[in-house]
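Colleague: I'd like a close look at one part of this model, the sheet. Could you walk me through how it is put together and what lies against it?

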Amino acid sequence: MDRAQLFLLGIPMFLFCTDIVNLFIPPPPKVPTPNQFHYKPPKPIPQQPILNQPLDFPTQKPSGIVGGGIGLGSTVYINFCSSCSYRGNAVTMKNMLDTSFPGINVVLANHPPPLPKRLLSKAVPVVQFGIIGTIMAGEQIFPRLGFAAPPPWFYSLRANKFRSIASTWLLGNFIQSFLQSSGAFEVYCNGELVFSKLKENRFPSEIELRDLVGRKLSSSRVVDGIGGGVWS
């Protein structure tokens, strides 16, 4: 027998022997596939019962004033001239009264000028724009008003337009500010006048105003408990 015949005869015999051996060998364990894994939920953790405890809210400390603030229920009006730059003084007095009389209501308001001054202040802008418009287009305006030629003062204003317009604008603003100012600093406590700058021609000091308001509160206190706080 040549090598080719031995090779062809040996292959079937080798396969036959391996089949016989495989019959007596136990099969290997099966490898689980990803789909065969089963999810096991975690064991529940026993929860402790939640006790209903009250929430801690910040409590307001007592102010130490018996029966409420000494100024409780009282109102002070400070009417001042806003165009006179009196707001700073009014705010200072308000802070002083709030500190000296806890619970008091301090109201700041503008004190308007008299009615004639208010009407004149409304007319000033109209005059301003009328003069500026005349300077810019007077040659067309005067013939429509029946003048054959513009008056001499028009040519003097027209000679320097920028100076004339600037002077008219600044002078008009000054006059309007003067008409809108009242120069007032009036203090009312519970509807009664306790200090008037228009009468005294001066500003009150902090100590003076505190004394005036304190005496007025002491005399007008009619509600029980309001006078529990001691003013010093």
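Modeller: Here is a walk through the sheet, strand by strand, with a short look at the surface at the end.

Keep in mind that this is a predicted model. To place the sheet, start with the whole chain: it has seven helices and four strands, and along the sequence they come in the pattern α-β-α-β-α-α-α-β-β-α-α. Of the contacts with a separation of 6 or more, 69% are between residues 24 or more positions apart.

Now the sheet itself. It is an open sheet of four strands, in the order 2-1-3-4, and the pairing is mixed. Strand 2 (105-110) and strand 4 (192-196) are at the edges with a single partner strand each, so one side of each has no neighbour in the sheet. From one strand to the next, the twist averages 20°.

Let's take the pairings in the order of the sheet. Strand 2 pairs with strand 1 in the parallel sense, over six bridges. If you want a spot to click on, Thr75 stands opposite Asn105 in strand 2.

On to the next pair. Strand 1 (residues 75-80) and strand 3 (residues 185-189) are antiparallel, with five bridges between them. Two pairs of residues let you follow this on screen: Val76 is opposite Cys189 in strand 3, and Tyr77 has Tyr188 as its bridge partner in that strand. As a rule, side chains in a regular strand alternate between the two faces of the sheet.

That leaves the other edge. Strand 3 and strand 4 also run antiparallel, joined by four bridges, and Val187 faces Phe195 in strand 4. These two strands form a hairpin with two residues between them, and in the turn Asn190 has a positive phi of about 55°.

What packs on all this? Helix 2 (residues 87-100) sits on the sheet and touches strand 1, strand 2 and strand 3, with its direction at about 165° to that of strand 1. Helix 7 (residues 206-219) lies across strand 1, strand 3 and strand 4, and runs at about 165° to strand 4.

How covered are the strands, then? In strand 1, five of the six residues are buried, so that strand is mostly covered (buried here means under 20% relative accessible area). Strand 3 is mostly covered as well, with four of its five residues buried. For the protein chain as a whole, 24% of the 232 residues count as buried.

Last, a glance at the outside. The accessible surface of the chain is about 17600 Å², and carbon and sulfur atoms make up 64% of that. One spot to look at is a nonpolar surface patch formed by Phe129, Trp169 and Leu170, which together have about 360 Å² of accessible area. Phe129 belongs to helix 3 (residues 115-144), and it is exposed, with a relative accessible area of 55%.

If you keep one picture of the sheet, make it this: strands in the order 2-1-3-4, with helix 2 touching strand 1, strand 2 and strand 3, and helix 7 across strand 1, strand 3 and strand 4.

Technical notes:
Residues numbered from 1 in each chain as written. Predicted model: local features only at pLDDT ≥ 70, side-chain atom pairs only at ≥ 80, totals over all residues. Heavy atoms only, no water. Buried < 20%, exposed > 50% of the residue type's maximum accessible area, 1.4 Å probe, protein only. Contact = heavy atoms within 4.5 Å. Areas by Shrake-Rupley, 256 points an atom, 1.4 Å probe, with all protein chains shown as cover. Pairing = 2+ DSSP bridges. Axes fitted to C-alpha atoms, helices over the stretch in contact; angles between N-to-C directions. Patch = residues over 30% accessible without salt bridge, like charges linked within 9 Å, V, L, I, M, F, W, Y side chains within 5 Å. Salt bridge = Lys/Arg side-chain N within 4 Å of Asp/Glu carboxyl O.
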